[in-house]
Amino acid sequence: MGDKDWKAKVKELRKKLAKLKKRAAAAAEQAAANVAPAVQAATETVAARVKAPNPVSPLAPAAFPDLPVIDGVDFAAAAAGVRYKGRTDVMLVRLAPGTAVAGAFTRSSTRAACVLDCQAKLSAKASEEGAAILVNSGNANAFTGAAGQASVDALTAAVGERLGLPASRVFTSSTGVIGEPLPHDRIAAALDGLVASLRPDAIAEAARAIMTTDTFPKGACAEVQGEGGTIRIAGIAKGSGMIAPDMATMLVYIFTDATIAPALLQKLVSRQVDDTFNCITVDSDTSTSDALIVAATGRSTAAPIKDLRGKVARDFEAALRGVMMDLAHQVVKDGEGATKFVEIRVTGAADAVDAHKVAMSIANSPLVKTAIAGEDANWGRIVAAVGKSGARADRDRLSIRFGDITVAENGWRAPSYSEADTSAYMKRQELVIGVDLGLGTAARTVWTCDLTHRYIDINADYRS
């Protein structure tokens with residue numbers, strides 16, 4: 001083949017190659033066009049899941065309450081970037097000299113360093129010095145080894161230095177992701193701004209700063225007429241998921257201007273915790289970080305509470321219980337994905353332990369909770385929950401009520417049972433399920449919520 005023929009052949013091959021490249025480019029362009037919408041949709045979905053806030057619970061109160069100013073307490077909140085930039089995630093509370101402090105904490109065997117630190121400080125002697133509480137959201141500082149205590153020590157020292165307090169009077173709490181070192185340097189960097197912005201009327205901002213998956217800030221208050229003046233109580237809380245007794249994934253801070261010794265305040269708190277915060281459950285999971293701290297500044301003009309048998313002391317304890325119960329109920333009403341608030345009343349148990357076992361077995365049953373979410377009057381799931389509880393029960397003495405409707409009695413379906421009436425009752429936002437065991441006089445009431453797909457959505461993406 002001559003040079004002329006070779007050149008012609010090469011020219012022909014080049015033309016074919018150009019055509020092939022053009023076809024390949026067109027095919028690639030068409031493939032990209034076909035894939036692009038799906039990629040864009042997936043990207044938008046992921047972005048929405050990450051950026052969109054949880055919708056406010058349908059059980060939320062209409063508004064955050066107008067809490068009274070508690071003399072001797074100042075609040076501040078800031079965005080320290082603990083986990084997310086631009087999110088208010090730290091709150092600081094300054095307490096006046098002579099404030100009495102009491103508390104209750106999770107009994108988890110893997111509790112966070114801040115919980116252990118608070119427990120140690122509350123066992124110390126009463127102090128005439130002031131006190132402070134520093135709380136962060138976004139990171140639980142739990143299961144972080146020696147680094148967790150180092151973070152607590154660094155922050156309590158830094159707060160103490162700025163407020164003129166010993167570290168032994170600085171209490172800290174952390175809530176959020178477990179197992180990640182706390183970036184305490186970011187919190188420390190925000191302290192100057194926090195101290196400068198402390199003021200007595202910023203409790204609502206503090207309530208928002210401690211939220212994680214909460215959809216609304218939680219507050220409650222009460223007033224008591226003391227001898228010589230009014231005693232005021234105001235409290236805030238966070239909690240939405242991982243809620244179960246001992247205590248919950250819950251942080252609670254209650255403030256009062258009452259004058260009361262730390263030992264007496266602790267006694268009141270301890271005997272009210274079991275019937276309030278230890279009677280709620282969302283998902284049966286106990287947290288590493290639960291904390292309840294109650295502070296009494298002694299700034300009220302009312303006479304000191306010295307005898308817990310007196311009328312003022314009894315009124316104060318009832319008011320404190322009311323605030324604790326209100327906050328506990330708000331935590332359940334903000335249960336992750338909750339659409340129903342459910343009260344479980346167990347009566348006729350052989351003893352208090354059995355009553356509690358049955359109540360919690362029903363309240364924690366996924367089958368019961370999903371039936372409630374679906375507005376299904378499936379009382380057979382209540383029967384199953386009673387049977388698995390481990391408590392003493394007799395089938396032929398058992399009765400079950402949904403509100404005022406008796407659905408089962410004497411070991412089988414009640415003759416008066418109406419599926420239509422019971423189904424209509426299940427559509428309510430707030431439900432009462434009553435179970436009488438017919439074995440004794442012990443009773444227990446607990447509160448829970450339904451279990452919806454939204455709970456899965458929130459917890460599947462919790463670390464996103």
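## A pair of partners in a six-stranded sheet

Let's begin with one residue pair: Ile 344 has Val 446, in strand E15, as its bridge partner. This is a predicted model, so please read everything below as a description of that prediction.

The strands on either side of this pairing are E10 (residues 341-349) and E15, which run antiparallel and are joined by seven bridges. Both belong to an open sheet of six strands, in the order E13-E12-E11-E14-E10-E15 and with mixed pairing. What stands at the edges of this sheet? Strand E13 (412-413) and strand E15 (442-449) do, and each has a single partner strand, so one side of each is left without a neighbour in the sheet.

## Helices on the six-stranded sheet

Two helices are worth finding next. Helix H8 (residues 311-333) packs on the sheet and touches E10, strand E14 (430-436) and E15. The direction of H8 makes about 45° with that of E15.

Helix H9 (residues 352-364) also packs on the sheet, where it touches E10, E14 and E15. For H9, the angle with the direction of E15 is about 20°.

## The four-stranded sheet

Now look at another open sheet, formed by four strands in the order E1-E2-E4-E5, again with mixed pairing. Its edge strands are E1 (73-78) and E5 (170-177), each of which pairs on one side only. On average, neighbouring strands here are turned by 10° against each other, ignoring direction. As a reminder, strands of a sheet pair through backbone hydrogen bonds, either parallel or antiparallel.

E1 and strand E2 (residues 90-95) show the antiparallel sense, with six bridges between them. One example to look for is Ala 76, whose bridge partner in E2 is Leu 92. Helix H3 (residues 145-163) lies across E2, strand E4 (131-139) and E5, and runs at about 135° to E5.

## One aromatic pair

How many aromatic pairs does a search of the whole structure find? The search finds one. Phe 75 and Phe 255 form this pair, which is edge-to-face, with 5.2 Å from centre to centre and 85° between the planes. Phe 75 lies in strand E1 and Phe 255 in strand E8 (residues 251-256), so the pair ties together parts that are 180 residues apart in sequence.

## A hairpin

Strand E6 (residues 218-226) and strand E7 (residues 229-238) run antiparallel and are joined by nine bridges. Within this pairing, Lys 218 stands opposite Ala 237 in E7. The hairpin of E6 and E7 has two residues between the strands, and Gly 228 takes a positive phi near 100° there.

## The second largest pocket

Finally, let's visit a space in the model. The second largest pocket has a volume of about 320 Å³. Its lining is made of 23 residues, and those nearest its centre are Lys 125, Ala 126, Ser 127, Arg 169 and Pro 262.

Which elements supply at least two residues each to this lining? They include strand E3 (100-105), helix H2 (113-122) and helix H7 (262-273). H7 gives the most, with three residues. In character, the lining residues divide into eleven nonpolar, eight polar and four charged.

Conventions. Residues numbered from 1 in each chain as written. Predicted model: local features only at pLDDT ≥ 70, side-chain atom pairs only at ≥ 80, totals over all residues. Heavy atoms only, no water. Pairing = 2+ DSSP bridges. Axes fitted to C-alpha atoms, helices over the stretch in contact; angles between N-to-C directions. Contact = heavy atoms within 4.5 Å. 1 Å grid on protein atoms, 1.4 Å probe; cavity = no way out; pocket = protein on both sides within 12 Å on 5 of 7 lines; lining within 4 Å. Points joined across faces, edges and corners; volume = space filled by probe spheres on them. Nonpolar A, V, L, I, M, F, W, Y, C, P; charged D, E, K, R; others polar. Phe/Tyr/Trp six-rings, centres within 6.5 Å; stacked < 30°, edge-to-face > 60°.
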